[in-house]
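Visitor: I am new to this structure and should be grateful for a close look at a single part of it. Kindly choose one strand and explain how it is placed among its partners.

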Amino acid sequence: ELMSKVKVTWSCPSNIAIVKYWGKKGNQLPCNSSLSLTLSNSYTTVEAELSEKTSDEPVQLSYFFDGEINEKFGQRVAKFLVDNREFFPFLGEKAITIHSSNSFPHSAGIASSASAFGAISLALLDIAYILQGTDKDEQFYNKASYLARLGSGSASRSMFPGFALWGENDNVKNTSNEHAIAISDVHPVFHNMKDAILIVEDEPKKVSSSVGHSLMNNHPYAEQRFQQANERTAELVEILKTGNMDAFIRLCESEALTLHAMMMTSMDYYLLVKPGTITAIERLMEFRKESNVPVCFTLDAGPNVHVLYPKAYEAQVEAFINNELRDTYKKVIFDQEGVGPTKMN
Ligand code: PMV
């Protein structure tokens with residue numbers, strides 16, 4: 001029988017936000033639009049396979065990470081499947097086994113929920129298409145983005161190559177709160193961007209994303225922040241089109257610091273940078289001033305520093321990272337702009 005033989009494997013990359021998503025409402029809808037760069041070397045691979053049910057749970061899931069049962073993340077995935085089972089009607093009749101693994105080290109401090117929920121959504125949607133006998137239409141990645149968003153907001157942006165935008169924006173066409181879209185009009189100076197991820201600290205996150213987003217409820221600067229992020233999203237779309245590197249650098253770094261400013265000014269408050277974070281940022285700004293190399297930093301909700309630069313400056317920036325920043329980080333992952341998800345088989 002077709003149904004019990006279905007097995008698919010997808011890999012989905014992580015992404016790094018330039019304009020940050022911080023604050024959500026309703027069913028995983030963003031309080032402001034955000035815009036990110038899809039990565040290449042940092043990805044999750046998911047193999048999903050159906051089998052006969054052996055229990056009458058609404059969804060019977062076995063979730064493995066690196067070959068071992070992972071209770072904690074497995075429970076989050078199970079809840080995601082139960083909450084959204086209307087999209088996966090086959091889960092009413094079949095059990096599902098998911099084997100997941102990351103290309104990056106477990107404790108690397110890289111947000112893995114974007115790539116994981118991306119890959120899980122793609123695999124399950126693909127199974128739904130196969131069982132319905134439909135070919136993958138042009139809506140496939142939008143639908144996968146919609147589903148991924150329900151698992152982890154930032155995952156919605158991992159479905160597309162290069163730059164992706166998630167969230168309604170009055171000044172950008174075709175934007176939606178429900179799924180991300182690709183930004184295709186990008187000037188050559190922003191093709192082949194590199195992202196060197198300096199792992200300053202590899203301990204688990206101090207604040208989970210969901211707690212983090214909730215800090216924007218009743219935040220004294222929430223309304224201004226959401227408005228600013230929407231304006232900056234539209235500005236960044238224009239910057240990417242016209243190739244204004246200086247404007248990109250200013251916007252990108254200010255977004256990183258604003259994200260952390262929001263965390264420092266919320267109640268409870270969080271200070272997520274480490275001494276190494278500050279030292280790396282200061283030296284990077286100094287290096288840019290002296291060398292005129294177009295390099296800038298961004299941050300996630302943690303201490304690690306993402307160093308962004310065009311591929312044309314790879315040699316200079318990598319020498320700077322290896323020689324002059326070496327004492328600020330534990331390890332470095334050299335990543336770059338990616339082409340989006342891939343079906344492995
Ligand atoms: O997708 P979440 O809920 O883990 O939120 C991600 C939030 C940030 O990484 C800090 C910013 C972003 O836009 O990715």
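Guide: A residue counts as buried if 20 or more other C-beta atoms lie within 10 Å of its own. In this predicted model, 47% of the 345 residues of the chain are buried in that sense. The secondary structure consists of nine helices and 14 strands, and the part chosen here is strand 4, which covers residues 34-52.

Strand 4 has several pairings to consider. With strand 1, residues 7-19, strand 4 forms an antiparallel pair held over eleven bridges. Within that pairing, T9 stands opposite E47 of strand 4. Strand 7, residues 94-102, also pairs with strand 4 in the antiparallel sense, here over nine bridges. E47 appears again in this pairing, where E47 stands opposite H99 of strand 7. E47 thus has T9 opposite it in one pairing and H99 in another. A further partner is strand 8, residues 163-166, which runs antiparallel to strand 4 and is joined to it by four bridges. In this case S34 is the residue of strand 4 to note, for S34 stands opposite W166 of strand 8.

The setting of this strand may be described through the chain as a whole. Among contacts with a separation of 6 or more, 75% come from residues 24 or more positions apart. The C-alpha atoms fill a box of roughly 65 × 40 × 40 Å along the principal axes. The radius of gyration of the chain is 20 Å, which agrees with the value near 20 Å that a compact globule of 345 residues would have.

Notes: Residues numbered from 1 in each chain as written. Predicted model: local features only at pLDDT ≥ 70, side-chain atom pairs only at ≥ 80, totals over all residues. Pairing = 2+ DSSP bridges. Helix = DSSP H or I, 4+ residues; strand = E, 2+ residues; numbered from the N terminus. Rg over C-alpha atoms; globule rule 2.2 N^0.38 Å. Buried ≥ 20, exposed ≤ 12 C-beta atoms within 10 Å, placed from the backbone. Contact = placed C-beta atoms within 7 Å.
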